[in-house]
Amino acid sequence: MSIDWEGMKSAARDAREHAYAPYSSFRVGAAVLANGRVFAGCNVENASFPVGICAERNAIAAAVAAGCRDLAAVVVMGPRPVAPCGMCRQALAEFNPRAAVLIAGADEGADLETTLDALLPQPFLPPSLKK
Ligand SMILES: [Zn+2]
């Protein structure tokens, strides 16, 4: 399957414009490709810091809310290329531990194409979720 990385990057870039990051000023957008559709998310911080949520988890939540759980690819876009945090790696692995991942920067840096299993080789997956 060929992945429209440019289209996904555009969705991540658009979502990043809406990031709510008044504390860190570190704006991140993400896009996931699930069931052939693209869903985007941005980071949403909170005054109670642990309540904040990353762009990647907001994007996969949007996909799941639309009934699309067949994750194929993920784009993460910070100001510079930044890999998903550990929590997001685990959250994404639930839906496809071998998803393609593109790490991109909105302002600087070269794209890095990788896979979720390279980023998280041994995700926690109960036997019922082994794929
Ligand atoms: Zn994260």
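Okay, let's start in the middle, with helix α2: its buried residues are A55, E56, R57, A59, I60 and A63. Before I go further, keep in mind that this is a predicted model. So, back to α2. What do those buried residues pack against? They sit against strands β1, β2 and β3, and also against helix α3, which covers 86-93.

Let me pick one residue out of that list, E56. Helix α2 spans residues 55-65, and E56 is part of it. Why do we call E56 buried? Because its relative accessibility is 4%, and the cut-off for buried is under 20%. If you ignore neighbours within four places in sequence, E56 touches A30, V76, P84, C85, C88 and L92. Take L92 from that set: 36 residues separate E56 and L92 in sequence, yet their C-alpha atoms are 7.9 Å apart in space. And when you come off the end of α2, you meet G67, with a positive phi near 85°.

Two of those contacts of E56, C85 and C88, take us to the metal. Which residues hold the zinc ion? Three cysteines do the coordinating through their SG atoms, C54, C85 and C88, at 2.2 to 2.3 Å. Along the sequence the spacing of these donors reads C-x30-C-x2-C. Now, are C85 and C88 buried or exposed? C88 is buried, because its relative accessibility is 0%. C85 comes out as partly exposed, because its relative accessible area is 32%.

Right, let's zoom out. The protein has four helices and five strands. Reading from the N terminus, the order of elements is α-β-β-α-β-α-β-β-α. How does the overall size compare with the globule rule? The radius of gyration is 14 Å, close to the 14 Å from the rule for 131 residues, so the protein is as compact as a globular protein of that length. If you draw a box around the C-alpha atoms along the principal axes, you get roughly 40 × 35 × 25 Å. Of the 131 residues, 41% count as buried. The exposed area is about 6700 Å², and carbon and sulfur atoms supply 54% of that. One more overall number: among contacts with a separation of 6 or more, 62% are between residues 24 or more positions apart.

Now the sheet. Its five strands are ordered β2-β1-β3-β4-β5, the sheet is open, and the pairing is mixed. Which strands are at the edges? Those are β2, at 37-42, and β5, at 112-115, each pairing on one side only. From one strand to the next, the twist averages 20°. Helix α1, residues 5-16, packs on this sheet and touches β1 (29-34), β2, β3 (71-78), β4 and β5. The direction of α1 makes about 50° with that of β3.

Let's walk along both edges. On one side, β1 and β2 run antiparallel, joined by six bridges. In that pairing, L33 stands opposite V38 in β2. The hairpin these two strands form has two residues between the strands, and one residue to look at there is N35, with a positive phi near 50°. N35 is a residue other than glycine, so to speak a spot to pause on when you scroll through the backbone. Its relative accessibility is 42%, so N35 counts as partly exposed.On the other side, β4, residues 100-105, runs antiparallel to β5, with four bridges between them. Two of the pairs there are L102 with E113 and A100 with T115. The hairpin of β4 and β5 has six residues between the strands, and G109 in that hairpin takes a positive phi near 95°.

Last stop: S25. Where does S25 sit? You'll find S25 in the loop between α1 and β1. Phi of S25 is positive too, near 60°, in a residue other than glycine. And S25 is exposed, because its relative accessible area is 59%.

How values were computed. Residues numbered from 1 in each chain as written. Predicted model: local features only at pLDDT ≥ 70, side-chain atom pairs only at ≥ 80, totals over all residues. Heavy atoms only, no water. Donors = N, O, S within 2.8 Å, 3.2 Å for Na, K, Ca; no water. Buried < 20%, exposed > 50% of the residue type's maximum accessible area, 1.4 Å probe, protein only. Pairing = 2+ DSSP bridges. Axes fitted to C-alpha atoms, helices over the stretch in contact; angles between N-to-C directions. Contact = heavy atoms within 4.5 Å. Rg over C-alpha atoms; globule rule 2.2 N^0.38 Å. Areas by Shrake-Rupley, 256 points an atom, 1.4 Å probe, with all protein chains shown as cover.
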